[in-house]
Amino acid sequence: MSPDYREKYKEYVRKKYCLPEDGNHSYVAQVPPNEKYTEVIIGSKKERGNEILNRPWRHTQLLSEQWPATTIDALFESDYDEPQTVVLLGVAGVGKTTMTRKIMLDWATGRQFPERFDSIFYLSCQQMNLIVGETNLADLVLQNDPEPRLKEAMNELIMNPGKCLFIIDGFEELSCSIEQQEDNLSPDPWERMSVGLLLSSLFHKTLLPESCLIITTRPNALESLENCLQSPCYVRHLGLSEGGKKEYFHRFFGEEELAVQVLSYIKRNEALLAISFVPTVCRIICTVMKQQLDKAKKDLSPVSERLTAVYALYLSHLAGSLCSGSEQLDLIRRVCSLAADAIWKKKTLFKEEELPNQLALCSTLFQKNPDCEGIYNFIHPTVQEFLAALFYVFEDMSRNSETAKEDIKIFLDACSKGQGDLTLTVQFVFGLLNKEIMEYLKEQFEWNISSRIKAVLLEWFQVDTWIRFICPNYGQLERFHSLYEIREDKEFVKCALNHLMNLTLERLTFTQMDKVVLCFCIKNCLNLETLSLYRCSFLMDKSEAAALPALPNQPCQQHQKTEEQSPIHLLCQTLMDPNCKIKKVELDGCQFTERCWVDLSVVLSTSPALVELDLQMTNLKDSGVRLLCEGLIHPNCKLEKLGLGGCDLTHACCGDLSTVLSHSQTLMELQLAWNSSLGVQGVQLLCQGLKHPACKLQSLDLDECGLIAASCQDLIPVLSTSKTLRKLNLERNKLGDAGVKLLCEGLKHPQCQLQTLLLTNCELGPACCGDLCSVLSTSQTLTELDLEYNQLEDFGVRLLCEGLKQPNCKLEKLGLAHCGITAASCGDLASVVTVKQTLKELVIEFNQLGDSGVKLLCEGLKHPLCKLETLNLFNCELTAVCTEDLASVLSSSQTLTELLLGSNALGDSGMKQLCEGLKHPHCKMQKLCLCTTGITAAGCVELSSVLSTSQVLKDIDLWENPLEDSGVRLLCEGMKHPDCKLEVLSMWNCKLTAASCEDLCCVLSTSQSLKKLKLGNNKLGDAGVMLLCEGLKHPNCKLETIDLDTEELSEDTVRELSYLKRMKPELVIDT
């Protein structure tokens, strides 16, 4: 731009953006406008977008983490060779728009980018939504610029594109689609095109390729944006830093003493601290705190400790200073109704005529949008959310409202698919039920709480979070936060949590307040028996640890007085509570500090109920084991099962574990799988404890622990002396035939009590089968032997069969999957099943048996003395040829109840043959797996007949067969028959559409036996799911579990499912 045009444009920008955007001047901190938006932090990480989106109070802890930070100026260093695209991520209300407008103002006043950019243009997505038809870049940039001469500046801009920066603000609000067809992209800034295509051309660097971009967006819109960009840089706007916040408070109060007092107060309350990272919210908090200090002279009122209370006090302050009586009530009612209706419609902009005509109040709650003439928005999203919550809670708000969505039940149901954007509204709803806040609002406004609100909230809370969305776990934790808002109402809290017996949270990062809330809810879950926290982390800020709310009635351990508390200290205190009934704690994949293991050790020595602790895949290591063992050997320890799989353990910890084994009177199961560094030395040490007469261990898992043949030498005396060891898992260790030979010496000992031996993938061959044959023929206790994924081959199986046929053999289950056996082995196996009446389960999947092998096997299966109950022939290269023999077995066997034939090319003809056996009156088959067998609608004709006649068939797996809607219609004819006894039907990925759901609906409303229906990975759509809901709501429906895909369903359909869940809380809806 020429100097004249540049100065003209800068003058326009200064005029446009210099006015404060956040309401009445009397409530703005008395600082110059261009200084009001103080220091911000930009974290250069793209991760955790959904986490912050769903949980705004994570912000405080993110600031405390050592994230690399930078400034806007640094993102556009002048020595960059290529034009940059910066994506500025931030949650709603963090101040992205404020920052971008400040960039405009600072550039126009010469404080930012004085040399880097000749011109910066601001494009509001809200404003672009108002454009009808086509436009060009020149018009788009200057459409609200009244100065005609400014259009001439576009020529200068195009002449020097490398000195140009475009700011596209609020991408998530863009209503048009961003077209990505590369053939349609245009390099011409004067060509008229749709807004979507124009932006896409800009994003792809087809249009003004040398220009730089800043695009602001919320994390939930990132996926649709990033496909349009070339090599973007992602940064995160985290709002005010601690320094910036301190500066703001000092400027607001003017007196350092007051500012320090208020900041200190806020730092003790994470809910307030976490949301004070935006200048607008800082103003709300400062206004309330100043009001409280003026009233109390020196102390802050306890009522202002809660976030809900702060907003209630702010509203009271505004309304009380501007109007009173009926005028005040009517005005606030209108504003609350407007806020609630806008939240439903996801509306953030309002025309002037939509606002109440009380200008003083409106100017404090709304701000003018500088980019859209005559348009307003709330000063901050949290203000809108609080006013919406008021609308739902108080009787005087909802009476005579024109809003069709006023029903609180519908609102709460919508929260199931809100992806966090309704989280704070729900928290406000619960917070308004706090007794102190209720009394305060009644005193101020004479409002009464709706008589039915508590019952509705209780019912909603008691319906488990059952639909998995982007962040499946936060829904449960956020409900706990909401419940914590009314923690004084102990009866309500306990009723809300009474249904919880198991609590599972996954992939969460717990802040201080999260932990307080979690422990509070655990203490009030009177029936909670299992707590599972998978892949979670626990933050601990030393400066805030002392300010955490105390949990009453917790035993005080002496180490607490002298040592730093661990991040899970509160959780451990809760588990040690004498009233705690939790029996099982799973902390799989969590990351802990060493101090955590000390606390968990104390839990082990103190907890009255804990019998199972799973720490697999944690960073336990040898040092952690040593600390835990102190608790494990304590006389009061009740632990029966300990899981330490994948904890990076070595032989160094095995001495400590050995001591536990020789002392503990309760530990019966020890899982050490996936610790490959235990090795020979580790097993030697463990065996010392295992051989001890006091050892009570029954199950030992050493899967993939680096064992070799020599390790089996140490196990011999354990097997021959232990009176309790019943199960030994040695899978995925390189034992070889030599190792098994040594094991067999112990297994053959008369005192050996082992019942289950797992040797999957131990590099075994035929040579070890002679030794195993000897064990089979002598052992009086061995009932399960798993030899899967070892190349035993036909010769090895023949040797095993010799032992299996011996009268003394007690084996009930034999696993030979993927053992390299062929049809040649089937004759030997057939001879075994004809004589061995103890053998109940035979697994020979993933072997090349072929039709000829099955034919031989069937000869044994048809024998009257065969007692086999389960046969697994999954993926054995079978075709329809063998189904006649299998049908003969089905019609004659009196014991075979489960048959797995999946991943074999049986086809419709094979299905027809099988059905002949299934329809036989002597058939006992209860569970049939036919997944991926090539069955189509044609095969469903005979299967339908089976369903209508069989009195025993209860479970059919048909997943990944192209049944289509016509096949389901045929199946439904059989299922509707009164004699059908089917309980479980799996049709995952069977190419079904909504058309099949009408037939299934009829089945659901008539079947007296169907308990579980799996329909995942089918294109049922909204129409299909709504039809299923009709059947599920029928009073005759007996279904207990349904599996559905919900990702692409509309909010109305999800709401219907939520209503169904509330109507039938016992129904499990898996997604």
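In this predicted model, pLDDT stays under 50 over residues 399-405. The model has eight contacts beyond four places in sequence for that stretch. The protein averages a pLDDT of 84, and 84% of the residues score at least 70. Residues 45-54 also fall below 50. Beyond near neighbours in sequence, residues 45-54 have 36 contacts in the model.

The largest nonpolar core holds 278 residues. Within this core, Leu387, Leu533, Leu873 and Met987 touch the most other members. Helix 16 (residues 307-322) gives the most to this core, contributing 10 residues. Another core, of 57 residues, lies apart from it. Among its members are Ile120, Val195, Leu199 and Leu225. The surroundings of Leu533 were examined further. Leaving aside residues up to four places away in sequence, Leu533 touches Leu505, Phe510, Leu518, Phe538, Leu571, Glu586, Leu587, Asp588 and Cys590.

Aromatic pairs number 21. In one of them, the ring centres of Phe430 and Phe461 are 6.4 Å apart and the planes stand at 70°. The pair is edge-to-face because that angle is over 60 degrees. Phe430 lies in helix 22 (residues 423-431) and Phe461 in helix 24 (residues 453-462). The two residues are 31 residues apart, so the pair links distant parts of the chain. Phe430 counts as buried, at 0% relative accessibility. Phe461 also counts as buried, at 2%. A second edge-to-face pair joins Tyr484 and Phe520, with ring centres 5.2 Å apart and planes at 75°. Tyr484 belongs to helix 25 (residues 474-484), and Phe520 to helix 27 (residues 512-524). These partners are 36 residues apart and again link distant parts of the chain. Both Tyr484 and Phe520 are buried. Phe430 and Phe461 also form one aromatic cluster with Phe480 and Phe492.

Helix 6 (residues 96-108) has 13 residues. At 1.5 Å a residue, helix 6 should span 18 Å. Its end C-alpha atoms are 19 Å apart, which agrees. Helix 6 is mostly covered, with 10 of its 13 residues buried. Among the buried residues are Lys96, Arg101, Asp106 and Trp107. Just after helix 6, Gly110 takes a positive phi of about 85°.

Ser124 lies in strand 4 (residues 119-124). Ser124 has a relative accessible area of 4% and is therefore buried, the cut-off being under 20%. The side chain of Ser124 reaches the backbone nitrogen of Gln126 at 3.3 Å. Not counting residues up to four places away in sequence, Ser124 touches Asp169 and Asp371.

Methods. Residues are numbered from 1 along each chain as its sequence is written. This is a predicted model: local features need pLDDT of at least 70, side-chain atom pairs count only at pLDDT 80 or more; totals for chains, interfaces and linings use all residues. Side-chain values use heavy atoms; hydrogens and water are left out. A nonpolar core is a set of buried Ala, Val, Leu, Ile, Met, Phe, Trp, Tyr and Cys residues joined through side-chain atoms within 4.5 Å. Buried means under 20% relative accessible area, exposed over 50%, partly exposed in between (1.4 Å probe, protein chains only). Helices (H or I, at least four residues) and strands (E, at least two) are DSSP runs, numbered from the N terminus. Contact means heavy atoms within 4.5 Å. The expected span of a helix is 1.5 Å times one less than its number of residues. A polar contact is a pair of N or O atoms within 3.5 Å; within protein, one must be able to donate a hydrogen and the other to accept it, and residues adjacent in sequence count only if both atoms are side-chain atoms. pLDDT is the predictor's confidence in each residue, from 0 to 100. Rings of Phe, Tyr and Trp (its six-membered ring) pair if their centres lie within 6.5 Å; planes under 30 degrees apart count as stacked, over 60 as edge-to-face and the rest as tilted.
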